[in-house]
Amino acid sequence: MSDQLALLPGYLAAHLQLTLVALFLGTAVSLPLGIWVTRHPRAEAVVLGLAGMIQTIPSLALLAVMVPLLALASAASVRAFGVDIPSIGYLPAIIGLTLYSVLPILRNTVTGIRGVDPAIIEAARGVGMTAREQLRIVELPLALPVIVAGIRTATVWVVGIATLSTPVGAASLGNYIFSGLQTRNLAAVLIGCVAAAALALGLDGLVRMLEIGVRTRRRAIVYGAVGMLAALSLATAATVVRDWVGASARPVTIGAKTFTEQYILSEILAEEIGRTTARPTRIVSSLGSTVAFDALVSGALDLYVDYTGTIWATIMKRRDVPPDPAIVLAEVSRYLTDTHGITMVGALGFENAYALAMRDEAAGRLGITTISDLAAHAPNLVMAGDYEFFSRPEWTRLADTYGLRFRDRRSMDASLMYAAVASAQVDVISAFSTDGRIAALGLTVLTDDRHVIPPYDAVLLASARLAREAPDVLAALRPLAGRIGADTMRHLNAEVDQQGASPHAVAEGFLARPGERPTLSPAP
Amino acid sequence: MLRLVALRKRFGATVVVDGLDLTVDRGERVVLLGGSGSGKTTTLKMVNRLIEPDGGRVEIDGTDAATLAPHELRRRIGYCFQQVGLFPHLTVGENVAITPRLLEWEPARIAARIDELLDLVELPPTEFRDRLPASLSGGQQQRVGVARALAAAPSLVLLDEPFGALDPLTRDRLQQSFLAIARRLALTAIFVTHDMLEALLIGDRIAVMRDGRLEQIGTPAELLTHPASEYVRTLLATPFQQIERVRRATAPDGTP
């Protein structure tokens, strides 16, 4: 708990900064746009419709889609100006959050100005106001409560949605929630939720205070609210400036996807780089699968661990499954180098395959040992998969090849999936073969008897930029190749998932163990 | 002082004002009288260009109103209408001060002017200056409306049924007040109403409008004694007939 609380100031500052910047930009866009719309009624349907459409995009998707879009923009910008745009982290989060804040502020600005009594508008014109004076002296002050209500709505939304900045690589209170859920650290989840809620209430209160001050013309209240907002902005700005100044040596940026193993591996990489090269590192955790890959291609990420089968099926869109994992490894490596300039530093030594698992008891009772056996019983069973699983090509191939038709399919958080199958709330889950919980919970992994699932050797990937600019980092990490066997990985995962150790502590423990120096298995 | 020449306005297919000519002399109060849809309000609003004419022109002291920026024109013309339209977020004093403020008068001059006008409309400044419009009665609000219209000492005042929404007692008091103020300041004013008695009380001359045209213009006495048409005759006879009917209905039994 206390080590979690130690992270609070950093996450809170990052969260606050995302929120304030997005709200500031959102207001700066929406207020003039709303005013413009009231002057051009024919544009209203189009503008409000567009803003409404943005709102209907699920917030996580809106943020995540910024990553590939920015990667495209970055590629174009590099070609045109030689300047690249970061495609993960702060920028996609800010753009997504700003877009999200537009609708409530825009709509309330239009409603507020439209709502001014026509007699008052006639009076404003009659006494000789110009359009600008009419807006400043009459319409905006009278619309203010409605506009502020819109800003307050946006504030509460943005504080909540900013927790989703974590998967696109921007630190926020969402780090607590995402990593907490993955590593079964409910205290972390709770801290994240409570802090986000408190932040939402606090900011909402400040905006309301500002409005009351303006409306009742009480200077003390206005100055108080403005002062507090300014202090918050300055405090967060200070952390940003410090990051920039401190980042004269660009940290090696290490990505981690959204599950325990990835957190541990990213910590191991960071620790190892720190020990052997003394370069600063930065971990961007809880990234979506394709977000991480796109970020590596664009150079926004320097390093992360992926799995050959994932790249084979999802990126290369290969449907065949060669009998020998080494062939897949070699072809993936060649593809990454030739197509994206990515270096495969090495295979870590274990495979983490997608597998279908069910309770030992149920499998035994129904006589299921292979996926072919499962297909016959599937119509009576419920299957749960992680967020990605049912949209991955592997699932399509499994379902098609074996004719899997379940009674019901549910997507849920990977960490909840295990609890669900253990308590018989679902019958089959998409498991990771290295997950310590398979053994701990008494689960049977079903044999892929028709060889549909490709091999998933864990491979360390490095961006073209890192290979070019920091070959010492690659050299430092090569010895990790082949050093982490499947048993080791399962054990490390269990330390986090079942014993509640932090990924950082587990990584330190792993590197401190003398462990036989690995027999090098250099990248093919 | 004010000349309307062949003024014309149509809304869609409907011609609302159809070639209207009218001259108002300095210090004169002209009442535009007519039923709903006669074009009197449209005519009034074309004077300060709240409505832009389709044809003809408005001359103020020899200047074509169309050559001025609308907001500059309006700052020189007082405007007061039935819904009053006080700015609810501004105090009574600030409402009155609005046009002087737009004209960038000195603050001290504005402050003095506020008190002068509130006195004029019989709202003691110390009591009313800092109150918000919502705390005033309808009659008090329209007094503020009149004060606001007069604030920048306009050469011309336009009033569009200013007392139409008030109860009879309040209306009577405000009519008397307005008449006293108008005489004292020698206001040049156009006053729109459909109320015959109000027209007879307030107008130096009455312009009777019908279907967007001027039916007749003249002093109340001229209109009563020499109506130009059957319409004008009926219109002016109506209130007197009503009074007569009321008198008869309330008289003791049998006596005429």
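Start with two helices of chain A. Helix α13 covers residues 308–315, and helix α14 covers residues 325–340. Their axes come within 9 Å and cross at roughly 65°. The crossing of α13(A) past α14(A) is left-handed. On the α13(A) side, the contact is made by A:Thr308, A:Ile311 and A:Trp312. On the α14(A) side, A:Val328, A:Leu329 and A:Val332 take part. Sorted by class, this contact has five nonpolar residues, one polar residue and no charged ones. All of this is read from a predicted model.

Stay with α13(A) a little longer. How many of its eight residues are buried? Six are, and the helix is mostly covered. The buried residues are A:Thr308, A:Gly309, A:Thr310, A:Ile311, A:Trp312 and A:Ala313. Three of these names have come up already: A:Thr308, A:Ile311 and A:Trp312 also make the contact with α14(A). What covers the buried part of α13(A)? The cover includes helices α12 (289–298), α14 and α17 (393–402) of chain A. It also includes the strands β3 (303–307) and β10 (457–462) of chain A. After α13(A) comes A:Lys317, with a positive phi near 55°.

Now step back to the whole chain. The secondary structure of chain A comes to 23 helices and 10 strands. Its radius of gyration is 26 Å, close to the 24 Å that the globule rule gives for 524 residues, so chain A is as compact as a globular protein of that length. Along its principal axes, the C-alpha trace spans about 85 × 55 × 50 Å. Of the 524 residues, 46% count as buried. Contacts also reach along the sequence. Take those in chain A between residues at least 6 apart: 79% of them join residues at least 24 apart.

How far can the model be trusted from place to place? The mean pLDDT of chain A is 87, and 95% of its residues reach 70 or more. Which elements mark the two ends of the scale? Helix α1 (residues 2–5) of chain A has the lowest mean pLDDT, 74. Helix α6 (residues 118–126) of chain A has the highest, 95. One stretch needs care. Over residues 516–524 of chain A, pLDDT stays under 50. For that stretch the model has 20 contacts beyond four places in sequence. Where pLDDT is low, predicted coordinates should not be read in detail.

Key:
Residues are numbered from 1 along each chain as its sequence is written. Chains are lettered from A and ligands numbered from 1 in the order in which they are written. This is a predicted model: local features need pLDDT of at least 70, side-chain atom pairs count only at pLDDT 80 or more; totals for chains, interfaces and linings use all residues. Axes are lines fitted to C-alpha atoms, for helices over the stretch in contact, and angles run from 0 to 180 degrees between N-to-C directions. Helices (H or I, at least four residues) and strands (E, at least two) are DSSP runs, numbered from the N terminus. A crossing is left-handed if the near helix is turned anticlockwise from the far one by less than a right angle, and right-handed if clockwise. Two residues are in contact if their C-beta atoms, placed from the backbone, lie within 7 Å. Ala, Val, Leu, Ile, Met, Phe, Trp, Tyr, Cys and Pro count as nonpolar, Asp, Glu, Lys and Arg as charged, and the others, Gly among them, as polar. A residue is buried if 20 or more other C-beta atoms lie within 10 Å of its own, exposed if 12 or fewer, and partly exposed in between; C-beta atoms are placed from the backbone. pLDDT is the predictor's confidence in each residue, from 0 to 100. The radius of gyration is taken over C-alpha atoms; the globule rule is 2.2 Å times the number of residues to the power 0.38.
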